[in-house]
Amino acid sequence: MKMNFMIKAMAKVTAAESCENLDEKRIVPMMMLRRRLTRSARIMVYLADRCGFSEGPVVYGSAYGEMQATADIVGAIAAKEAISPTAFQNSVYNTAPSYFSLLHKNREEMITVSSGDATSANVLQTGALQALIKGREVLLVCSEAINIPNIDEVNSCTEYLESGVALTLVPTEAEANTEVPKKEHKGYAPSLWAMLDLLDACEGRSGCVVALEL
Amino acid sequence: MQKKRVFVNAYESLSCAGNSAELMEAVYAKKSGITIDTSYMPEHKAGLGIFATGEFFASLVAVTQAVLRKSGLDDFKETLLIVGSSVGGIGKSEQIFFKEQSYKNINPKEHAVSVISDTLNGAFGFKESRSISTACTSSTNALMLGQRLINIGAYDNVLVVGADALCYTTVCGFQALGVLSDEKCTPFQKGRKGMNVAEGIAAVLLQDRQTEESVELCGSAGSSDAFHMTNPDPEAGGAISCMQKAIEDAGIEPGDIDYVNAHGTGTPANDTVEALAVSTLLPHNPCMSSTKAITGHTLGASGALEAVIACEVIKRQKIAPQASLQEAENMNVNLPLEAVDQKIRYVLSNSFAFGGNNTALVFGALK
């Protein structure tokens with residue numbers, strides 16, 4: 001089943017190693033909260049800010065979740081050291097949208113998708129469903145942050161160790177006016193490609209309406 | 001848009017209390033499947049829920065096969081798979097890393113949450129699949145999304161699979177948070193010591209068509225606490241909000257709820273807040289129990305596992321007792337010490353997770 005959605009805002013960020021200038025001090029003025037943010041959470045709150053979104057439902061996606069926290073925990077267990085409680089609470093896949101929720105006192109539904117290479121395609125489907133059910137604007141974010149020591153031992157899918165893409169959409173009765181061709185986004189994790197396709201198709205245009213599968 | 005009704009037409013599960021039939025025997029007999037274990041932490045005892053059946057991924061396929069057999073479907077080729085899991089394949093990554101102190105032989109695809117859906121797609125060839133990972137609400141959110149997709153007519157058949165294996169990360173992580181009990185957990189007990197981590201698999205088939213054996217998934221809703229990453233809002237705002245919205249989604253009143261299958265992890269914080277939420281929203285004081293006293297906390301699988309229990313409670317018209325309870329902390333909630341035979345129209349099933357992620361489901365007997 002396909003339905004039409006208007007893309008209201010879009011943003012992306014990427015870096016070979018670590019995304020700089022994420023404007024954290026302005027976006028997250030509370031120092032204690034800012035210090036606890038994971039890299040994925042920093043990317044997410046930045047992208048949400050760029051989209052001008054703070055209140056409403058969110059669908060977030062990541063194929064590999066919180067790699068640094070996971071590596072810290074497994075490393076500590078292997079070394080027979082104490083696990084940091086903060087590392088454990090930051091290790092769940094829904095860490096980034098949870099910090100976003102805390103930051104903005106956003107009490108709406110936060111869904112996290114993790115479907116491997118199909119993650120952002122499934123984020124689009126789930127975000128479309130949520131926008132339809134709620135009848136309101138929904139924020140969709142997909143990010144990967146895999147810049148951890150020795151990641152080169154296992155990373156063969158991306159040149160950008162940190163990247164994220166975001167958009168907001170609302171259901172519309174208007175006719176679709178934009179085709180979204182599938183492309184290969186060299187350097188980006190494949191888990192982001194479907195949302196990057198949509199950003200490319202809508203770049204530089206306003207009133208972009210796309211038909212999305214639910 | 002007219003909402004299509006959603007029916008639970010087949011299910012199966014595996015937990016430390018056995019398969020679904022064995023689980024219900026254990027629930028009504030108040031026989032916990034938890035064992036006290038030191039294999040993950042030699043210096044600490046922990047109550048854990050462990051399978052006796054061997055390899056996790058073989059069990060995952062077997063549970064799903066059992067649902068296919070019960071469903072009347074020839075195959076799952078026209079069925080959407082939605083997986084809910086919090087840890088995916090991290091257990092295998094741990095084993096490799098502990099042995100080799102290197103990531104080199106870790107296959108990223110076998111590490112990620114999506115290894116569950118990849119395994120099931122390989123075995124059954126689903127029409128499509130997606131995976132949800134919101135910690136301990138993972139499969140509850142999967143059920144909520146499955147319900148919505150059928151409500152709007154996007155799919156006729158959705159199989160929701162909740163699956164989480166035990167691993168060092170979760171056992172040692174919860175120990176680091178100081179919420180793991182070294183005994184069998186005692187949800188809602190005064191002075192309780194904490195939770196039991198457990199592994200679990202549950203597969204629940206949602207369909208748009210009703211059979212004589214159906215239970216209806218009538219309502220669902222989520223919310224966020226926006227309070228703390230691991231501690232629930234002490235005023236229970238998020239918990240009350242999702243329960244209230246799920247009841248509204250079902251088109252019923254709070255007073256129509258006959259039984260609450262609580263999240264009830266046995267941690268001091270969760271159970272205090274959940275009891276407050278239930279006593280506030282449901283002043284008619286329906287029976288409530290946490291079956292985690294039998295199964296332990298199966299994390300991302302718990303929503304689907306407890307959906308199985310909710311459906312069985314409705315089919316049997318018999319409320320699950322609260323096992324391991326001697327003296328309740330909150331006397332304003334109705335925790336039955338023995339199974340109760342009574343008319344059960346609607347069951348509310350709660351799940352709460354890290355990040356203040358809350359989801360509630362409402363199941364109903366056929367009218």
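Start with chain B and colour its charged side chains. The mean positions of its 29 positive and 39 negative charges are 2 Å apart. Keep in mind throughout that this is a predicted model. The predictor gives the complex an ipTM of 0.98 and a pTM of 0.98. Chain B averages a pLDDT of 97, and 99% of its residues score at least 70.

**Stop 1: chain B as a whole**

Show chain B as a cartoon. Its secondary structure comes to 11 helices and 16 strands. Along its principal axes the C-alpha trace spans about 55 × 50 × 40 Å. For 367 residues, a compact globule would have a radius of gyration near 21 Å; chain B has 19 Å, which agrees.

Switch to a surface. Chain B exposes about 12,300 Å², and carbon and sulfur atoms supply 49% of that area. Of the 367 residues, 65% count as buried. Now think about contacts between residues with a separation of 6 or more. In chain B, residues 24 or more positions apart account for 80% of them.

**Stop 2: Ser131(B)**

Select Ser131(B). You are in strand β6 of chain B, residues 128-132. Is this serine buried or exposed? Ser131(B) is buried, with a relative accessible area of 0%.

Next, show what is in contact with Ser131(B), leaving aside neighbours within four places in sequence. From chain A come Thr112(A), Val113(A), Ser114(A), Ser115(A) and Asn122(A). From chain B come Val83(B), Val113(B), Ser114(B) and Ser117(B).

**Stop 3: Thr126(A)**

Cross to chain A and select Thr126(A). This threonine is found in helix α7, residues 119-134. Thr126(A) is buried, at a relative accessible area of 2%. Which residues does it touch, beyond those up to four places away in sequence? In chain A, Thr126(A) touches Val59(A), Ile111(A) and Val113(A). In chain B, it touches Arg130(B) and Leu145(B). Val113(A) also appeared among the contacts of Ser131(B).

**Stop 4: chain A as a whole**

Zoom out on chain A. Count 8 helices and 6 strands. From the N terminus on, the elements run β-α-α-α-β-α-α-α-β-α-β-β-α-β. The C-alpha trace spans about 60 × 35 × 30 Å along its principal axes. A compact globule of 214 residues would have a radius of gyration near 17 Å, and chain A has 17 Å, which agrees.

Add the surface of chain A. About 8,400 Å² is exposed, with carbon and sulfur atoms supplying 48%. Buried residues make up 60% of the 214 residues. Of the contacts between residues at least 6 apart in sequence, 77% join residues at least 24 apart.

Colour the charges here too. Chain A has 20 positive and 26 negative side chains, and the centres of the two sets lie 7 Å apart.

**Stop 5: helix α8 of chain A**

Select residues 193-202 of chain A. This is helix α8, and it is mostly covered: 8 of its 10 residues are buried. They are Ala194(A), Met195(A), Leu196(A), Asp197(A), Leu198(A), Leu199(A), Ala201(A) and Cys202(A).

What do these buried residues pack against? Show helix α7 together with four strands of chain A: β1 (2-15), β4 (138-145), β5 (162-171) and β6 (209-213). Helix α7 is the one that holds Thr126(A). Step just past α8(A) to Gly204(A), which takes a positive phi of about 75°.

**Stop 6: two backbone angles in chain B**

Most residues other than glycine have a negative phi. Go back to chain B for two residues with a positive one.

Select Lys30(B). Its phi is about 55°, although it is not a glycine. Lys30(B) sits in the loop between α1 (20-29) and β3 (35-37). At 30% relative accessibility, this lysine counts as partly exposed.

Then select Leu299(B). Its phi is near 55°, again a positive value in a residue other than glycine. Leu299(B) lies in the loop between α10 (292-295) and α11 (302-316). At 3% relative accessibility, Leu299(B) counts as buried.

**Stop 7: Leu282(B)**

Finish at Leu282(B), in the loop between α9 (268-281) and β12 (287-289) of chain B. Leu282(B) is buried, with a relative accessible area of 1%. Leave aside neighbours within four places in sequence, and its contacts are Ile247(B), Pro254(B), Ile257(B), Val260(B) and Leu348(B).

For a last distance, pick the C-alpha atoms of Leu282(B) and Thr230(B). The two residues are 52 apart in sequence and 25 Å apart in space.

Methods:
Residues are numbered from 1 along each chain as its sequence is written. Chains are lettered from A and ligands numbered from 1 in the order in which they are written. Side-chain values use heavy atoms; hydrogens and water are left out. The radius of gyration is taken over C-alpha atoms; the globule rule is 2.2 Å times the number of residues to the power 0.38. Buried means under 20% relative accessible area, exposed over 50%, partly exposed in between (1.4 Å probe, protein chains only). Contact means heavy atoms within 4.5 Å. Accessible areas come from the Shrake-Rupley method with a 1.4 Å probe; for residues, only the protein chains shown count as cover. Lys and Arg count as positive and Asp and Glu as negative; His and the chain ends are not counted. The place of a charge is taken as NZ of Lys, CZ of Arg, CG of Asp or CD of Glu. pLDDT is the predictor's confidence in each residue, from 0 to 100.
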